[in-house]
Amino acid sequence: MKQIFIVEGMTCGHCEKAVTKALLAVDAQAKIVIDRTHNQVEVDSEQTREALAQAIAEEGYRVAA
């Protein structure tokens, strides 16, 4: 299921890698597309929205939506 998150605080490639790594730790099969310009993270995963948002937050980023 595709889900879109607005993630505040991603400012560089390292941030993208950190968010990607956190999401893959929750679901290794997840398909992830990050648009840093719009603070948008699209995740195609079977995991719950809450689990994915928590993984992002644990990396130190704020999930706004």
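User: Which residues have the most contacts inside the largest nonpolar core?

Analyst: In this predicted model, a core is read by listing its members and then asking which elements supply them. The largest nonpolar core here has 15 residues. Phe5, Met10, Val19, Val41 and Tyr61 have the most contacts inside it. Two or more residues each come from β1, α1, β3 and α2, and the largest share, four residues, is given by α1.

User: What does methionine 10 touch, not counting residues up to four places away in sequence?

Analyst: With those residues set aside, methionine 10 touches Cys15, Val19, Ile34, Arg36, Asn39, Gln40, Val41 and Tyr61. Val19, Val41 and Tyr61 are also among the core residues with the most contacts.

User: How should the side chains along β3 be read, and which of them are buried?

Analyst: In a regular strand, side chains alternate between the two faces of the sheet. In β3, Val41 and Val43 point to one face and are buried. Gln40, Glu42 and Asp44 point to the other face and are not buried.

User: Which strands pair with β3, and in which sense, parallel or antiparallel?

Analyst: β1 pairs with β3 in the antiparallel sense over five bridges. Within this pairing, phenylalanine 5 has valine 41 of β3 as its bridge partner. Strand β2, residues 31–35, is also joined to β3 by five bridges, and these two strands run antiparallel. Here valine 33 stands opposite glutamate 42 of β3.

User: How many residues lie between β2 and β3 in their hairpin?

Analyst: Four residues lie between the two strands of this hairpin. In the turn, asparagine 39 has a positive phi of about 55°.

User: Which residues of α2 are buried, and why are they on the same side?

Analyst: For a helix, one lists the buried residues and then considers their directions around the axis. In α2, which spans residues 49–58, the buried residues are Leu52, Ala53, Ala55 and Ile56. They lie on the same side of α2 because they cover an arc of only 155° around the axis. On the other side, Glu50 and Glu58 are exposed.

User: Against which elements do the buried residues of α2 pack, and what follows the helix?

Analyst: They pack against β1 (2–8), α1 (13–26), β3 (40–44) and β4 (62–63). After α2 comes glycine 60, with a positive phi near 100°.

User: Is glutamine 3 buried or exposed, and what lies around it?

Analyst: A polar residue is read through its accessible area, its polar partners and its contacts. Glutamine 3 is found in strand β1 and is buried, with a relative accessible area of 7%. A polar atom of its side chain lies 3.3 Å from the backbone oxygen of glutamine 47. Leaving aside neighbours within four places in sequence, glutamine 3 is in contact with Val41, Glu42, Val43, Ser45, Gln47, Thr48, Arg49 and Leu52. Of these, Leu52 is one of the buried residues of α2.

User: How many disulfides does a search of the whole structure find, and why is there no bond between cysteine 12 and cysteine 15?

Analyst: The reading rests on the distance between sulfur atoms, for which the cut-off is 2.5 Å. The search finds zero disulfides. The sulfur of cysteine 12 has its closest cysteine sulfur in cysteine 15, 3.5 Å away, and therefore too far for a bond. As for accessibility, cysteine 12 is partly exposed at a relative accessible area of 28%, whereas cysteine 15 is buried at 7%.

Technical notes
Residues are numbered from 1 along each chain as its sequence is written. This is a predicted model: local features need pLDDT of at least 70, side-chain atom pairs count only at pLDDT 80 or more; totals for chains, interfaces and linings use all residues. Side-chain values use heavy atoms; hydrogens and water are left out. Buried means under 20% relative accessible area, exposed over 50%, partly exposed in between (1.4 Å probe, protein chains only). The arc is that of the directions from the helix axis to the C-beta atoms. Contact means heavy atoms within 4.5 Å. A nonpolar core is a set of buried Ala, Val, Leu, Ile, Met, Phe, Trp, Tyr and Cys residues joined through side-chain atoms within 4.5 Å. A polar contact is a pair of N or O atoms within 3.5 Å; within protein, one must be able to donate a hydrogen and the other to accept it, and residues adjacent in sequence count only if both atoms are side-chain atoms. Two strands pair if DSSP finds at least two bridges between them.
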